[in-house]
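Please look over the structure below before reading on. The report covers cysteine links, an aromatic pair and a surface patch.

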Amino acid sequence: MKTWRVIASLAIAVAGATTAAAQAAERHKAHPATVSKPTAQQALRGFQHDLISLLALRAEASPLLAAAEMARALNDESLAAKFPALLGRAARAPGAGPYVTWEQLVDCDPKIRDCPRSEALDHLLEQAPDNAAGWLLKLGQDRQDMRGDAARADLAKAAASATYDDYVGASKGALASAAAILPPPPATYDAAKGGSAAGVIYLLVSSVGETLPRPVLPVVADYCEKNASDASIKADCLKLAKVLDWASSPLARSLGLHLRQTLSDDANEQEEARRAWNSLVWQVQNFAVLSAKAQTDPALAQYLLGLVHTGGTEMSLIYSALRNQNIPLDAPSGWTPGPNS
């Protein structure tokens, strides 16, 4: 399987889970919990506009960041200028930290090849030098600019890091808190069909969360595979894989498991990584089904929204949700991902 497909396959698994989600919804007699689509979409966009206007009046980093993220996710010309302005205020506000700097990575200009934004990346590496996510971003940038020695140094620093955090959990927590300041308008959901305010807010947080920046992980996998004949690079790639065992996101964890499967000389470790990969896809697919079901299950939506409020990582959110629903974290014996996973 090609490298890009291996690392991207969890995203495909989530997309593929929409079919399973639809089947699950049908079994629960849960039809779409919104009114007619154009009306619901217009109401939801109006709700986001109102939230952004209210949050822009705040002075703390977290609500300002949430406003900036919603403005960018809407892809609305009237809000285009608000994103960098709100983001800049968030970076200067009390409570700002690496999770705000991380979002500044996409406040950039691709026309001058400054994406991710180099100034923000430099600042991030100063703020969180022990976070592998920043070094993997820099590795991708240095490879693009053909700075071989710098890329090698980036890998070493990523492998020596204590953690991997792409701040998606912190950003979603900020979004969940921010969205709670205003009740969604009734036109955004149909209570008679299981819709709820919690379901709308959870949908909003999840959809905006999908637009948050992440490292281009296939670039890292490609670098490790192409340099596998270099013993020191191979060792650092396998060391990085151990860091990614506890990564904040499923995609980053998938990179670590892929590196263990392709670079380890130990057949037992390769098999262990393969089984862990199956379970990871199982976890992501089942969580996607729960997220879809939340749109027509107010209690589940409220529970998932409560988890997001804690600001934990994507992986901790998945684990907690599956355990709460009595879904095992390990894939059943004999279960394998589908052909697109």
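How accessible is cysteine 108: buried, partly exposed or exposed? Cysteine 108 is partly exposed, because its relative accessible area is 25%, and the buried class needs under 20% while the exposed class needs over 50%. One caution applies throughout: this is a predicted model.

## Disulfide 108–115

Cysteine 108 is bonded to a partner. Cysteine 108 and cysteine 115 form a disulfide, with 2.1 Å between their sulfur atoms. The torsion about the S-S bond is about 105°, so this disulfide is right-handed.

Cysteine 115 has a relative accessibility of 29% and therefore also counts as partly exposed. Both ends of this link are thus partly exposed, cysteine 108 at 25% and cysteine 115 at 29%.

## Disulfide 224–237

The whole structure holds 2 disulfides. One of them joins cysteine 224 and cysteine 237, whose sulfur atoms lie 2.1 Å apart. The torsion about this S-S bond is -95°, and the link is left-handed. The pair links distant parts of the chain, 13 residues apart: cysteine 224 sits in helix H11 (residues 217-226) and cysteine 237 in helix H12 (residues 231-244).

Cysteine 224 and cysteine 237 are both buried. With the bonded cysteines numbered in sequence order, the pairing reads 1-2, 3-4.

## Aromatic pair

A pair of aromatic rings is described by the distance of the centres and the angle of the planes. The count here is 2 aromatic pairs. One of them is made by tryptophan 282 and tryptophan 335. Their ring centres are 5.4 Å apart and their planes 75° apart, an edge-to-face arrangement. Planes over 60 degrees apart fall in that class.

Where do the two rings sit in the chain? Tryptophan 282 belongs to helix H14 (residues 267-293), and tryptophan 335 to the segment after helix H16 (314-324). The pair therefore ties together parts that are 53 residues apart in sequence. Tryptophan 282 is buried, because its relative accessible area is 14%. Tryptophan 335 has 22% and so is partly exposed.

## Nonpolar surface patch

Leu54, Leu57 and Ile181 make a nonpolar patch of about 290 Å² on the surface. Isoleucine 181 lies in the loop between helix H9 (168-179) and helix H10 (197-209).

Why does isoleucine 181 count as partly exposed? Its relative accessibility is 37%, and partly exposed residues lie between the 20% and 50% limits. A patch residue needs over 30% relative accessible area, and isoleucine 181 has 37%.

Note on methods
Residues are numbered from 1 along each chain as its sequence is written. This is a predicted model: local features need pLDDT of at least 70, side-chain atom pairs count only at pLDDT 80 or more; totals for chains, interfaces and linings use all residues. Side-chain values use heavy atoms; hydrogens and water are left out. Patches are made of residues with over 30% relative accessible area and no salt bridge: like charges are joined within 9 Å, nonpolar side chains (Val, Leu, Ile, Met, Phe, Trp, Tyr) within 5 Å. Accessible areas come from the Shrake-Rupley method with a 1.4 Å probe; for residues, only the protein chains shown count as cover. A salt bridge is a side-chain nitrogen of Lys or Arg within 4 Å of a carboxyl oxygen of Asp or Glu. Helices (H or I, at least four residues) and strands (E, at least two) are DSSP runs, numbered from the N terminus. Buried means under 20% relative accessible area, exposed over 50%, partly exposed in between (1.4 Å probe, protein chains only). Rings of Phe, Tyr and Trp (its six-membered ring) pair if their centres lie within 6.5 Å; planes under 30 degrees apart count as stacked, over 60 as edge-to-face and the rest as tilted. A disulfide is a pair of cysteine sulfur atoms within 2.5 Å.
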